[in-house]
Each structure stands twice: as structure tokens, then as C-alpha cells.
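Got the viewer open? Let's walk through this one stop by stop, selecting as we go.

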Amino acid sequence: MAEPARAKPKPTPETQHFWDGTQAGELRLQRCGACANVYFPPRPFCPSCASRKVSVFKASGKGKLYSYVINHRPAAPGFTPPYAIAVVELDEGPRMMSNIIDCPQTPEALELDMKLEVAFEKLDDKITLPMFRPAKA
Amino acid sequence: MRRNQVAVVGAAETTELGVIPNMSQIQLHADAALNAIADAGLKLSDIDGIATAVETPQQIAHYLGITPTWVDGTSVGGCSFMLHVRHAAAAIEAGLCKTVLITHAESGKSMIGKLPRSIPADSLQGQFEAPFGVYGPPSMFPIPVLRYMKTYGITHEQIAMVAVVQREWAAKNPRATMKDPITIADVLNSRMIAYPFRLLQCCLVTDGGGALILTSADRAKDFPRKPVYILGTGESVETPMVSQMETFNSSRAFKVAGPTAFKEAGITHKDVDHLMIYDAFAHLPLYGLGDLGFMPHEETGRFIADGNTRPGGKLPLNTNGGGLSYMHSGMYGMYALQESVRQMRGIAPAQVKDAKISVCHGVGGMFAASGTIIFTNEK
């Protein structure tokens, strides 16, 4: 038996563009053509004004640390505690859950509002996850 | 909804609380239901409306032998029972049924006959939260709290005091799971679960259940127990994804449910004698005090740390000991409702003297859902 693996996302027709994006090294968001709202998670209409005229664009990949926990127990399969589960506020507005890499998983190192940038971590041939690391100054 | 048109006439918990290795989850439902029916002096055949969560209403109705004319399977997490009370009150007023049974039970500790919970990999949570290591409520529910603390200047010691004060209430309650006094240092030195929260800031894991029986206020006066009237109600939902809340500085669902109930009840915060705020984790009473409008969020930590919610304080809060010290089978809302009913009947182990209005506020599915019920013992 292999080691228990991290939960792996399974794309749907509405989210496929996002997961295609991470594989291509892009963080993709959606923008409403009617009201200019930028939103996440993916869906083929604007959750602000209900317009179906929405487009996908490549986000800057920059954001800041909005909040987090450092999980000790119980640990999710595929994770070695302690590990931070973070919510990142993207420069474009939406927030997303992620992990913070290249950074000690401690309260001292993980300062709220610290600047972050996206990094991509390949899980397998189909799925690449968007992770974040401290932005280079 | 009109005030005081519907009343609780039966209320009971399971015969045992805590670790109950000799009963399956469905039997815990039945145990609580039979106790509530006895409390109301009714027969099962008198019940014509049924509501429950997680377990389906058809499962519970059939197990108990009930043929309902009104059914509610609203299942939005631990506050589902607050929503059931609200929906049942509306249904009774509308004439859809006369006597409603609401049941909750979970074999949360012993896990006997408990339905599995899983997150499908192609759900939004499965795609955009589960891959990042969330694993059960302790890893999810506290995610907003560091932001809340920074925004409002709340300290770790102030949040630790939530657990300390609730243990003081639990010490007065023979049925509470944890009764020994604790200090701020005990809380802040207990085992780390998910920083910033430690063991004593996380709810218990127990077995148990509870049930309520509601009927119209004009019938309620003929029952053996003092009626507890429904004065105001509110409900809302926000998102099942904690990462997608509008802000971590408050709960949108709280801010809809709470004020809706206060408006319906026609009361102000000064009128509240007794308060329950569902405390799956120690930050929830702070969010509740702020979002229900008792005070600005900046003051919630200090208000609790100063002892205002402890026995003898001006706003008695979570007087059974709460999910942190009384019991928590997974969906605690029913136990908060039971304590409000006991306080309004005047029979609570830690009875608040002359209490006439009780506010009972629930949360469900992390911050996904909320329900608020305001009770009174005066018509």
C-alpha cells in the first residue's frame, strides 16, 4: 500500500479551466463582462449580477495572507503536522484556500498581511495545485 | 411571524449524556423523543409533525411509528434545530399540523449506527479546500479567528477566558461532562490542536440527543409543564466553504439571523436575561456577541474577560457549560435550545433568577448557517 495521499480535486465542466490553468502555470480567475466583478470559485455566471457574459483571465498570482491555522491534529492524509492551512487574499479581490511553502510553519514566520506569490505544485499528470510562498522583495 | 403564538410544551435530552456505548444513533433519537413525549404528557399518536437533521425525517418517523402531515428535513449543521423550531412555528400557525416533534441525536463518540460524512472530490469543497489539508472542524472552524483578533485587538487570553467561564457554569451542572475548574494558563498550556486553538478551546466529542415538542399557544396552557413561548426567530445561510466567507471579521449568517429574531420579538438587548451562543470553538461567543448587536466586536473579548458572562455576571452566557464543557455530540444546537427551555421553565441546574427572555443562537457547518430563537415564559 502506498502512503495515504493528499485529497485530490476532481474537476467539473465548470472548473476545468482553472485546473488547466494551474497545469499551464497560470492562476486563472473569472471576470464579469457586465459588472466587472472578479470572482472565485469558478462558475459560468457572475454571482454578483447573474450575467452569463463572463471571461477567464490570468491573475497576477500576487496576494497577501488573510488568515490561517497551523494544524497539529488530526492531520489530513498526506500531510505531516504541523502545517498551515491558509486563506490568501488575491490582489484581484477573491480569496482562496492554499498552503504556504518555503516558509517555517510558525506563528512568528506567518504574519498576517504578509505578501505572497503563487507557486505551482504538481500532484500528478492531471492535477497541479496552486500554493503560495512569501513574495520576493 | 406573530409573537407568542406557538410554545414548547415538551423538552428532554437523552436519558444519558456523554459516552453511551449501548445505543445506536437512531435509538438515541428515540430515547430523546420518548423522554420529550413523556415530559409533555402526550402519546406518539398525538404527533403530526416531525423534523430532524442528518438522520432523515422518514427514518425517525418510521422508527417511532409516526404518520406526519408535516415534515422538515432541513439539515444545515448544528443549528438545524433552531431552523426546525422556526419552521415548525410557522407550520403550526399556518394550520399544517398541530403538534411537532423535533429530534436530534448523534453517536458522536461511540460511532454506533452513525452515517459517514465525506466530501466528494468533485464538489467545490473537494476541489478548493480539501486538497490543502482541512480535516474536520478543528482544522476549519478556527481559520477566521487570527484575522478577527488582529482586526479588533482581541488577545489569546481573552479567548481563553471563554473556556474558563464556561467551566464555571459547568461546575454547577451535574450532567456536564467536564466540571473541574480551569485557569487561563490551563487553557493556553493545553495540547495544541490547530493554532491558535488548543484542546480546551475546542468542543467535546460525546454521545447524546434531545427532542422538543411544539404546539399552538392556546393549546399549550393545558399541558403539564409551564409553556415556553416562541417570541422571535431568524435564520440564514452563507457558504459551506469557510475560505469564501464575505469577511472573517463577522458572520453574515449571524448578522441576518440574529437581528431578524430581535426585530420579530420586538425586544432590545437590554431585555435579554439569558443568552446561549453555540460554542463549538471558543471564538464563537465573541462573534455572536458582536454580530447579534450586544456590543461592537472590539469589546467582545474584554466583556468576557471582565467576567460579565460568568455566574453572577450581568449577561449569563452558555449556562449549561456549552459545547466546551457540557456536551457536544457534533450538532450542539439542540442542547443550547434545551438549556434555554430549562431556564424559561425555571428548572436549570444553574438557574438565572427571574429570567423571562432567553436568546438562543446557533451556528452550523462552520459558519455556513445560523438560526436564532428567542424564548419567553410570559405571554
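Start by selecting chain B: 61% of its 379 residues are buried. Keep in mind as you click around that this is a predicted model. Chain B holds 14 helices and 11 strands. Its radius of gyration is 19 Å, close to the 21 Å the globule rule gives for 379 residues, so chain B is as compact as a globular protein of that length. If you line the view up with the principal axes, the C-alpha atoms fill a box of roughly 55 × 50 × 35 Å. The chain also folds back on distant parts of itself: of the contacts between residues at least 6 apart in sequence, 76% join residues at least 24 apart.

**Stop 1: helix H1 of chain B**

Select residues 25-40 of chain B, which form helix H1. This helix has 16 residues and spans 23 Å between its first and last C-alpha, close to the expected 22 Å. Is H1(B) mostly covered or mostly bare? Mostly covered, with 12 of its 16 residues buried. Color the buried ones and you'll pick up, among them, Ile26(B), Leu28(B), His29(B), Asp31(B) and Ile37(B). So what sits over them? The cover includes strands E1 (6-13), E2 (49-52), E4 (99-107) and E7 (207-216) of chain B, along with helix H2 (57-64) of that chain. Before leaving, click on Gly41(B), just after the helix, where phi turns positive at about 70°.

**Stop 2: strand E4 of chain B**

One of those covering elements deserves its own selection, so to speak: residues 99-107 of chain B, strand E4. How many of its 9 residues are buried? The count is 9 of 9. In a regular strand, side chains alternate between the two faces of the sheet. Show the side chains here and you'll find Thr99(B), Leu101(B), Thr103(B), Ala105(B) and Ser107(B) on one side, with Val100(B), Ile102(B), His104(B) and Glu106(B) on the other. Both faces of E4(B) are covered.

Now add the strands that pair with it. E2(B) runs parallel to E4(B), joined by 4 bridges, and Gly49(B) is the residue standing opposite Val100(B). E7(B) pairs with E4(B) in the antiparallel sense, over 9 bridges. To see one of the residue pairs, select Ile102(B) and its bridge partner in E7(B), Leu212(B).

**Stop 3: over to chain A**

Switch your selection to chain A, which has 1 helix and 8 strands. Reading from the N terminus, the helix comes before the strands: α-β-β-β-β-β-β-β-β. Buried residues make up 31% of its 137 residues. Its radius of gyration is 16 Å, which agrees with the value near 14 Å for a compact globule of 137 residues. Along the principal axes, the C-alpha trace spans about 45 × 40 × 25 Å. Among contacts with a separation of 6 or more, 48% are between residues 24 or more positions apart.

Look next for an open sheet of 3 strands in chain A, ordered E2-E1-E3 and paired antiparallel. Strands E2 (38-39) and E3 (54-58) are at the edges with a single partner strand each, so one side of each has no neighbour in the sheet. E1 (28-32) pairs with E3(A) over 5 bridges; pick Leu29(A) and you'll find Phe57(A) as its bridge partner.

Then select residues 59-121 of chain A, which an unreviewed UniProt entry lists as "domain: ChsH2 C-terminal OB-fold". The span is 46% strand and 0% helix, and its end C-alpha atoms lie 17 Å apart.

**Stop 4: where the chains meet**

Show both chains together: 28 residues of chain B are in contact with 32 residues of chain A. On the chain B side, helix H4 (124-128), helix H6 (145-152) and strand E5 (192-195) each supply at least two residues. That side is made up of 17 nonpolar, 7 polar and 4 charged residues.

Zoom in on H6(B), where Val145(B), Leu146(B), Arg147(B), Tyr148(B) and Met149(B) are buried. What do the buried residues of H6(B) pack against? They pack against E4 of chain A. Just past the helix, Gly153(B) has a positive phi of about 70°.

For the last selection, take strand E4 of chain A, residues 62-71, together with E5(B): the two pair in the antiparallel sense over 2 bridges. Finish on Ile70(A), which stands opposite Tyr195(B).

Definitions and conventions:
Residues are numbered from 1 along each chain as its sequence is written. Chains are lettered from A and ligands numbered from 1 in the order in which they are written. This is a predicted model: local features need pLDDT of at least 70, side-chain atom pairs count only at pLDDT 80 or more; totals for chains, interfaces and linings use all residues. Two residues are in contact if their C-beta atoms, placed from the backbone, lie within 7 Å. Ala, Val, Leu, Ile, Met, Phe, Trp, Tyr, Cys and Pro count as nonpolar, Asp, Glu, Lys and Arg as charged, and the others, Gly among them, as polar. Two strands pair if DSSP finds at least two bridges between them. The expected span of a helix is 1.5 Å times one less than its number of residues. A residue is buried if 20 or more other C-beta atoms lie within 10 Å of its own, exposed if 12 or fewer, and partly exposed in between; C-beta atoms are placed from the backbone. UniProt positions are given in the numbering used here, feature names are shortened, and annotations may be inferred rather than shown by experiment. The radius of gyration is taken over C-alpha atoms; the globule rule is 2.2 Å times the number of residues to the power 0.38.
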